[in-house]
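Me: Please take a close look at the pockets of this model and at the packing around them. I would like one connected account rather than a list.

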Amino acid sequence: MSKSVTERLLVALSGGVDSAVSAALLKDQGHEIEGVYVRTWEHEDDVLGDCPGAKDLADAEAVADTLGISFRVVNFVDFYHREVVLPMVNGYENGITPNPDVLCNRSMKFGALLEYARKNGFDGLATGHYCIRKETDGARPELWEGRDKNKDQSYFLARITPDQLSGARFPLGEIEKPKVREIARELDLPVAE
């Protein structure tokens, strides 16, 4: 029986239950993890009158505290505006229907944030996406649907590159959402509900 490999992983904590449980699972598996919150708006506490960004940040920090892991905040405000918001607005102006989640995952999460993780000595970036990264002998990793067909997010990650996928970790790929909530309650995570 082969021993599992322990990795040093940066976990993107959004302030939601999915990323929180992802961090908890990875920690339980013995990985060295650290949480990160990505700031995407300049004034997250007052964008368009009511942005939940400030609460999301507080929730992400509370999760890290509950799990006993280090936590950092990175500022990608300018990058997000340039690489996600402007292309979306331009797309609408040109009569197409852009998908900002696809842009965000390829450019920001598994682009700039994964690069940040690698430059800071992490083996990869983990998120709360419901999808599976399959590895085969000698071949590039493949992106597969998550077990929970109601929550599968592989479509939103379909444009990440093989190199980006090699650095991605998706702890929730084999789990269904009700089980994620159950795990969060069992661990008394502040975002369980």
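Reply: The account below goes from the pockets to the nonpolar cores, then to ring pairs and a few single residues.

This is a predicted model, in which local features need pLDDT of at least 70, side-chain atom pairs count only at pLDDT 80 or more, and totals for chains, interfaces and linings use all residues. Numbering starts from 1 along each chain as its sequence is written, and side-chain values use heavy atoms, with hydrogens and water left out.

The largest pocket (an open set of points on a 1 Å grid over the protein atoms alone, where a 1.4 Å probe fits, with protein on both sides within 12 Å along at least five of seven lines) has a volume of about 770 Å³. That volume is the space filled by probe spheres set on the points, which are joined across faces, edges and corners. Its lining (residues with an atom within 4 Å of a point) consists of 30 residues. Nearest the centre of this pocket lie Ser14, Asp101, Cys104, Met108 and Lys109. Four elements each supply at least two lining residues: α1 (17-28), β2 (32-39), α2 (53-67) and α4 (100-119). Helices (H or I, at least four residues) and strands (E, at least two) are DSSP runs, numbered from the N terminus. Helix α4 has the largest share of this lining, with 7 residues. By class, the lining of the largest pocket holds 15 nonpolar, 10 polar and 5 charged residues. Here nonpolar means Ala, Val, Leu, Ile, Met, Phe, Trp, Tyr, Cys and Pro, charged means Asp, Glu, Lys and Arg, and the others, Gly among them, are polar.

The second largest pocket has a volume of about 310 Å³. It is lined by 16 residues, and Arg133, Ala168, Arg169, Phe170 and Pro171 are the closest to its centre. Strands β5 (131-134) and β7 (168-169) are the elements that give two or more residues to this lining, and β5 gives the most, with 4 residues. The lining of the second largest pocket is made up of 7 nonpolar, 3 polar and 6 charged residues.

Next come the cores. In soluble globular proteins, nonpolar side chains tend to be buried together. The largest nonpolar core (a set of buried Ala, Val, Leu, Ile, Met, Phe, Trp, Tyr and Cys residues joined through side-chain atoms within 4.5 Å) has 28 residues. Those with the most contacts inside this core are Val11, Leu13, Val21, Ile33, Leu67, Leu172 and Val180. The elements giving two or more residues to it are β1 (8-12), α1, β2, α2 and α6 (177-186). Helix α1 provides the largest share of this core, 7 residues. Val180 is in contact (heavy atoms within 4.5 Å) with Val17, Asp18, Val21, Tyr130, Leu172 and Ile175, leaving aside neighbours within four places in sequence. A second, separate core has 24 residues, among them Val36, Phe110, Leu125 and Leu157.

The whole structure contains 4 aromatic pairs. Rings of Phe, Tyr and Trp (its six-membered ring) pair if their centres lie within 6.5 Å; planes under 30 degrees apart count as stacked, over 60 as edge-to-face and the rest as tilted. Phe76 and Phe79 form a tilted pair, because their ring centres are 6.2 Å apart and their planes stand at 55 degrees. Phe110 and Phe170 have ring centres 5.9 Å apart and planes at 70 degrees, so this pair is edge-to-face. The pair joins distant parts of the chain, with Phe110 in helix α4 and Phe170 in the loop between β7 and α6, 60 residues apart. Phe110 is buried (under 20% relative accessible area, against over 50% for exposed and in between for partly exposed, with a 1.4 Å probe and protein chains only), at 1%. Phe170 is also buried, at 10%.

Three single residues complete the account. Leu103 lies in helix α4 and is partly exposed, with a relative accessible area of 25%. Not counting residues up to four places away in sequence, Leu103 touches Glu83, Val84, Pro87, Met88 and Met108. Glu34, in strand β2, is buried at 11% relative accessibility. With the residues up to four places away left out, Glu34 touches Arg8, Leu9, Leu10, Val11, Ile69, Ser70, Phe71, Arg72 and Phe122. Asp188 lies in the segment after α6 and is exposed at 63% relative accessibility. Asp188 has a positive phi of about 55 degrees although it is not a glycine.
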